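Hello,

Here is the structure I promised to pass on to you. My notes on what turned up in it follow below.

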Amino acid sequence: LRIWGNDVGSGGASNAGGNGDSGGDGTAGDSTDGGEAGAPAGVPGVAYVSTLFGDLLVASVDNESGTLSLLPSSPVKVAKTLNGVVVAPDGKFVFVPADPARIDTYPIAADGSLPAEPSSSTTVDDDEPLLTMALDPQGRFAYGVSPFSSKLYVFTVNRDTGKLSASGEPLLIGPVAHRRSPAFAAPDPNGHFVYVTQMADG
């Protein structure tokens, strides 16, 4: 679940945690400070919900009551499965990690709705899909986490088109002798560091 709107934080995207029907991905609190621009005044918040099995739900959020209302374009059908989605700090794009290993980019319309097809799709050189993603607060870089291959993928973000491009080789997480599967990535508010959690043994 990702929420973006005029009254979220300072007006930008918020990672509210959860992967829709998958029971929640456990993330919380790594909201951005609004990016370049928040939602236009008076525009309700918008929730983007991954249901895991091919549907991306899009709903408006009433700023007073918090009531959700599905937009006419919802659900967006995503080929095969999808995982935790993220919203660009400036509210222009939604990034969807999906299977087979790729990240689909959807431009966000003025009312928060998404088109039926992504504007671009970036293939990830991995046999398994990414499970979670994160964006640095400035929207310059995207980080994709693959717990199945113990890798962190880094991408640059074209802030005009939302297209992602791989940046360097993926980083293997953890000491070789005791490598654990990465779970989540969280850039610090200044965009200088990225913190990666690892799953416990057993």
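**Strands and hairpins**

Six bridges join strand β12 (residues 141-146) to strand β13 (residues 151-157), and the two run antiparallel. Before going further, please keep in mind that this is a predicted model. Within that pairing, Tyr143 stands opposite Val154 in β13. β12 and β13 form a hairpin with four residues between them.

β13 has further partners. With strand β14 (residues 164-166) it pairs in the antiparallel sense over three bridges, and Phe155 has Ala166 in β14 as its bridge partner. This pairing is a hairpin too, with six residues between the strands, and Gly162 in the turn has a positive phi of about 80°. Strand β15 (residues 171-172) is joined to β13 by two bridges, again antiparallel; here Leu152 stands opposite Leu171.

Elsewhere there is an open sheet of four strands in the order β7-β8-β9-β10, with antiparallel pairing. Its edge strands are β7 (86-87) and β10 (120-123), each of which pairs on one side only. Four bridges join β9 (residues 102-107) to β10, and Arg102 has Thr123 in β10 as its bridge partner.

**The turn between β12 and β13**

I would look at two serines here. Ser150 lies in the loop between β12 and β13 and has a positive phi of about 60° although it is not a glycine. As general background, most residues other than glycine have a negative phi, and most peptide bonds are trans. Ser150 has a relative accessibility of 11%, so it counts as buried.

Ser149 lies in the same loop, between β12 and β13. Is Ser149 buried or exposed? Its relative accessible area is 19%, and because the cut-off for buried is under 20%, Ser149 counts as buried. Leaving aside neighbours within four places in sequence, Ser149 is in contact with Asp126 and Leu172. With Asp126 there is also a polar contact of 2.5 Å between the two side chains. Ser149 and Ser181 are 32 residues apart in sequence, yet their C-alpha atoms are 7.3 Å apart in space.

**Nonpolar cores**

The largest nonpolar core has 16 residues, and those with the most contacts inside it are Tyr48, Leu56, Val94 and Leu114. Which elements give two or more residues to this core? They are β3 (45-50), β4 (55-61) and β8 (93-98). The largest share, three residues, comes from β8. Apart from this core lies another, of 15 residues, among them Ala88, Phe95, Ala142 and Leu164. In soluble globular proteins, nonpolar side chains tend to be buried together.

Phe95 also takes part in the one aromatic pair that was counted. The rings of Phe93 and Phe95 have their centres 6.4 Å apart and their planes at 45°, so the pair is tilted. Both Phe93 and Phe95 are buried.

**A buried serine in β3**

Ser50 is in strand β3, and at 1% relative accessibility it counts as buried. Where does its side chain reach? One polar contact, at 3.4 Å, is with the backbone oxygen of Leu82. In another, the backbone oxygen of Asn83 lies 3.1 Å from a polar atom of the Ser50 side chain.

**Cis peptide bonds**

Two bonds to proline are worth a look in your viewer. The peptide bond from Ser74 to Pro75 is cis, with omega near 5°, and Pro75 is found in the loop between β5 (68-70) and β6 (76-77). The peptide bond from Asp99 to Pro100 is also cis, with omega near 0°, and Pro100 is found in the loop between β8 and β9.

If you want a place to begin, try the loop between β12 and β13, with the positive phi of Ser150 and the 2.5 Å side-chain contact of Ser149 with Asp126.

Best wishes

Technical notes: Residues numbered from 1 in each chain as written. Predicted model: local features only at pLDDT ≥ 70, side-chain atom pairs only at ≥ 80, totals over all residues. Heavy atoms only, no water. Core = buried A, V, L, I, M, F, W, Y, C linked by side-chain atoms within 4.5 Å. Buried < 20%, exposed > 50% of the residue type's maximum accessible area, 1.4 Å probe, protein only. Pairing = 2+ DSSP bridges. Contact = heavy atoms within 4.5 Å. Polar contact = N/O pair within 3.5 Å; in protein donor to acceptor, adjacent residues only side chain to side chain. Phe/Tyr/Trp six-rings, centres within 6.5 Å; stacked < 30°, edge-to-face > 60°.
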